[in-house]
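Here are my notes after going through this one. I have kept them as numbered points so you can follow along in the viewer.

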Amino acid sequence: MKFKKAIITGVTGQDGSYLAEFLLKKNYIVHGIKRKSSSFNTSRIDHIYENKHLRNKFFLHYGDLLDSNTLTKIIKEVKPDEIYNFAAQSHVGVSFDLPNYTSQVNSIGTLNLLQAIKDCGLEKKTKFYQASTSELFGEIQEKKQSEKTKFYPKSPYATSKLFAYWITKNFRESYNIFASNGILFNHESPRRGETFVTRKITIGLSKIIYGLEKSIYLGNIYSLRDWGHAKDYVQMCWKVLQYKKPDDFVIATEKQYSVKFFIENCFKYLGIKIKWFGKGINEFAKIIKFDDKKYPKLKKGMIVVKINKKYFRPNEVDNLVGNATKAKKLLKWKPKINIYQLIKEMIDADLEIVRKSTLI
Ligand code: NAP
Ligand code: G4F
């Protein structure tokens, strides 16, 4: 039996790790590209390596999106059926501090992969998935954003991803490569990086519960997002490449919540009542009611959420919600995990991580 082969860039990240698991379950041979780091960066995929049934179907290669020679070498060796380009400097806030680096990795990095497919003569064999983003819509031009909505990127991250979106389409049209964009709205999980807002809240709250921290410091809590679950969304990425032709798809839950709603529902899930005071930069949340037997480290009146201006962005995308009609219809997809289940899963996982850390 011939197994399909896939390359995943960004395999050590949130989505890369879930996709690796998903493809391995589908009997793919998975080749992940990870970058060299001075500290361990494989915690999200170590369990795959440790699984003796999966180890011989999962291979890691050192590589960087900016090192086109190595990318070409890996692609030439593996001759993959599918490439999923998940690698990126993916933090919007950080992209304002690192605009040049973000632009190179996210834009030129994507071009390097597409060019490598072409240089290896794999135009007819290798399908290419580009991790495009709802950040492309930025200053929204339509209430719910679909594949037809005009783009208006508002950060170096979003502009770099705009180049990547277009170069993917360009290689599709110019060289007949099966190259598709998944325009994914925010998706989270217990594997989300700790500096993204949902995880910052769930890990921060868990540390407060165990008495390791007193407050969570945030920026714009009135920002609205369409949050799905990464595990749900990587299945979509795969479906995008199984569609009969290369195309672009918006992937979203079509439901919108504020950061403040996310915070309130994290506390609610744990049975802790908070109340908001003040306005703007002076807004904060205090604990009003809780079970002191269950949470001995908490105190009534504790200020658990504060606003810090350093977490505001020079240019904010404050309102995103997707229209995923096309994906639902053509790819027969709909998200399974709602925001309440997502919150539960993230908090339970973070409480466990923090509990274990207190035992060391
Ligand atoms: P993530 O957790 O930040 O993962 C990014 C991955 O890229 C990591 O494995 C990282 O390596 C790797 N990477 C960074 N720079 C690299 C370079 N120069 N060369 C090679 N690898 C590099 O991001 P994610 O949430 O999984 O998102 C996956 C992709 O989807 C990204 O392209 C992101 O922009 C896009 N996206 C994400 C969302 C979302 O809500 N999560 C929505 C739309 C689009 P290290 O582990 O060493 O840092
Ligand atoms: O969690 P975030 O950093 O995600 P953001 O900016 O929406 O970007 C994520 O989703 C994109 C898809 O739309 C991806 F393309 C991208 O790679 C990334 O995965 O911030 C969400 C919102 C923003 O409006 C931000 O200003 O939360 C607001 N926020 C408020 N306080 C904060 C904070 N964001 C972060 N990271 N940290 C805060 O303290």
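1. A quick word on terms before anything else: "buried" here means under 20% relative accessible area, "exposed" means over 50%, and "partly exposed" is whatever falls in between. Keep in mind too that this is a predicted model.

2. With that in hand, take helix α8, residues 230-242. Its buried residues are A230, D232, Y233, V234, M236, C237, W238, V240 and L241. The helix length checks out as well: at 1.5 Å a residue, its 13 residues should span 18 Å, and the end C-alpha atoms sit 19 Å apart, which agrees.

3. On to ligand 1. It has 25 residues around it, and T12, R35, S90, Y157 and K161 are the closest. Sorted by class, that shell holds ten nonpolar, ten polar and five charged residues.

4. Some backbone contacts to ligand 1 are worth a look. A backbone N or O atom of D15 is 2.8 Å from one of the ligand's oxygen atoms, and a backbone N or O atom of G10 is 3.4 Å from an oxygen atom of ligand 1. At L65, a polar backbone atom lies 3.0 Å from a nitrogen atom of the ligand. On its own, ligand 1 has 910 Å² of accessible area, and the protein covers 91% of it. The elements that put two or more residues into this shell are α1 (14-25), α5 (99-119), β5 and α6. Of these, β5 gives the largest share, three residues.

5. Now ligand 2. Here 24 residues form the surroundings, with T133, S134, Y157, S223 and R313 the closest. By class, the count is nine nonpolar, nine polar and six charged.

6. What do the side chains do at ligand 2? An N or O atom in the side chain of R313 is 2.6 Å from an oxygen atom of the ligand. For the side chain of E316, the distance from an N or O atom to a ligand 2 oxygen is 2.7 Å, and for the side chain of N186 it is 2.8 Å. Taken alone, ligand 2 exposes 710 Å², and the protein buries 96% of that. Two elements, α7 (197-209) and β8 (216-218), give two or more residues to the shell.

7. Is S134 buried or exposed? It sits in the loop between β5 (127-133) and α6 (156-175). Its relative accessibility is 2%, so S134 counts as buried, given that the cut-off is under 20%. Setting aside neighbours within four places in sequence, S134 contacts I183, L184, F185, N186 and L320. Of those partners, N186 also has the side-chain approach to ligand 2 listed above.

8. Last, a couple of backbone angles to check by eye. Most residues other than glycine have a negative phi. K79 has a positive one, near 45°, and lies in the loop between α3 (68-78) and β4 (82-85). K79 is partly exposed, because its relative accessible area is 40%. N176 also has a positive phi, about 65°, although it is not a glycine. N176 is in the loop between α6 and β6 (179-184), and its relative accessible area of 68% is why it counts as exposed.

Definitions and conventions. Residues are numbered from 1 along each chain as its sequence is written. Chains are lettered from A and ligands numbered from 1 in the order in which they are written. This is a predicted model: local features need pLDDT of at least 70, side-chain atom pairs count only at pLDDT 80 or more; totals for chains, interfaces and linings use all residues. Side-chain values use heavy atoms; hydrogens and water are left out. Helices (H or I, at least four residues) and strands (E, at least two) are DSSP runs, numbered from the N terminus. Buried means under 20% relative accessible area, exposed over 50%, partly exposed in between (1.4 Å probe, protein chains only). Contact means heavy atoms within 4.5 Å. A residue is near a molecule or strand if one of its heavy atoms lies within 4 Å of it. A polar contact is a pair of N or O atoms within 3.5 Å; within protein, one must be able to donate a hydrogen and the other to accept it, and residues adjacent in sequence count only if both atoms are side-chain atoms. Accessible areas come from the Shrake-Rupley method with a 1.4 Å probe; for residues, only the protein chains shown count as cover. Ala, Val, Leu, Ile, Met, Phe, Trp, Tyr, Cys and Pro count as nonpolar, Asp, Glu, Lys and Arg as charged, and the others, Gly among them, as polar. The expected span of a helix is 1.5 Å times one less than its number of residues.
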